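Notebook open, coffee poured. I want to go through this one piece by piece and jot down what I look up.

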Amino acid sequence: MVKPSSELEQAALARLKERNVTIEEIAELVYDLQTPYLEDLTMEYCLHNVEAVIRKREIQNAILTGIELDVLAEEGKLASPLQEIIANDEGLFGIDEVLALAIVNVYGSIGLTNFGYLDKLKPKVINRLDSVKEGEGINTFLDDIVGAIAAAAASRIAHANPEEGSAGIN
Ligand code: MG
């Protein structure tokens, strides 16, 4: 039976929480991305948009899949060579970014620009996730998922305020 979206949403939110990522931290990334373009942007509005992004089924599916792979890798339960590739966050793997694109694509090409920007600069929570030491956890998928949610939420804001411009438009 197909799970109702609300059940998947609760599962995705619980997974993020288990991995010590808060919705507020993701909203902070959105704020930083969009504040140059929207004079009266608030954290509340960013938070609202992050929540709206996580309400979408394809995004819930990507969150659940990516985090599951990180957790299985932490537990050493993946088959070789995937186990070593994910555990070592090998640069040429690229499937973590591909999964993140499933999130970003929901809101069009502005999302892609924002995602690339976050992936390169790795601000705030993304940096924290990316810099866990060996033996302290594996976030190979999670850092990209978090960046993708923020990028998608920023794009959602840009599309809702077209007259204000946005990264990727101007
Ligand atoms: Mg990654």
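Before anything else, a convention for my own notes: helices here are DSSP runs of H or I with at least four residues, numbered from the N terminus. With that numbering, Lys-122 sits in the loop between H7 and H8. I also keep in mind that this is a predicted model.

**Entry 1: Lys-122 and Lys-124**

I started with the backbone at Lys-122. Its phi is positive, about 45 degrees, although Lys-122 is not a glycine. This residue comes just after H7. I looked up its exposure too, and Lys-122 is partly exposed, with a relative accessible area of 23%.

Then I checked Lys-124, which lies in helix H8. Phi of Lys-124 is near 45 degrees, again positive in a residue other than glycine. Lys-124 counts as partly exposed because its relative accessibility is 43%, and the partly exposed class runs between 20% and 50%.

**Entry 2: helix H7**

Next I went back along the chain to H7, which covers residues 109–121. I get 19 Å from the first C-alpha to the last over 13 residues, close to the 18 Å expected at 1.5 Å a residue.

Which residues of H7 are buried? I find Ile-110, Gly-111, Asn-114, Phe-115 and Leu-118. Looking down the axis of H7, I see these buried residues fall within an arc of 130 degrees, so they line one face of the helix. On the face turned away from the buried side, H7 carries the exposed residues Ser-109 and Lys-120.

I also asked what covers the buried residues of H7. The cover includes helix H2 (23–34), helix H6 (95–104), helix H8 (124–130) and helix H9 (142–160).

**Entry 3: the cavity**

I ran the cavity search and the count came to 1 cavity of 30 Å³ or more. About 40 Å³ of space lies in the largest cavity. Its lining is made of Phe-115, Leu-118, Asp-119, Lys-122, Ile-126, Asp-143, Asp-144 and Gly-147. H7 and H9 each supply at least two residues of that lining. Two names I had already written down turn up again: Phe-115 and Leu-118 are buried residues of H7, and they also line the largest cavity.

**Entry 4: the magnesium ion**

What coordinates the magnesium ion? I noted Asp-96 (OD), Thr-140 (O), Asp-143 (OD) and Asp-144 (OD), at 2.1 to 2.7 Å. Along the chain, the donors follow the spacing D-x43-T-x2-D-D. Asp-143 and Asp-144 are ion donors, and both are also in the lining of the largest cavity.

I checked burial for two of the donors. Thr-140 has 2% relative accessibility, so Thr-140 counts as buried. Asp-143 is at 5%, so Asp-143 counts as buried as well.

**Entry 5: Glu-24**

I moved on to Glu-24, which is placed in helix H2. Glu-24 is partly exposed, with a relative accessible area of 45%. Leaving aside neighbours within four places in sequence, I find Glu-24 in contact with Met-43 and Leu-47. I also looked up the C-alpha atoms of Glu-24 and Cys-46, which are separated by 8.7 Å while the residues are 22 apart along the chain.

**Entry 6: a cis peptide**

Last look-up of the day was an omega value. Ser-80 and Pro-81 are joined by a cis peptide bond, with omega about 10 degrees. I traced Pro-81 to the loop between helix H4 (57–74) and helix H5 (82–87).

Notes. Residues numbered from 1 in each chain as written. Predicted model: local features only at pLDDT ≥ 70, side-chain atom pairs only at ≥ 80, totals over all residues. Heavy atoms only, no water. Donors = N, O, S within 2.8 Å, 3.2 Å for Na, K, Ca; no water. Buried < 20%, exposed > 50% of the residue type's maximum accessible area, 1.4 Å probe, protein only. Expected span 1.5 Å × (residues − 1). Arc of directions from axis to C-beta. Contact = heavy atoms within 4.5 Å. 1 Å grid on protein atoms, 1.4 Å probe; cavity = no way out; pocket = protein on both sides within 12 Å on 5 of 7 lines; lining within 4 Å. Points joined across faces, edges and corners; volume = space filled by probe spheres on them.
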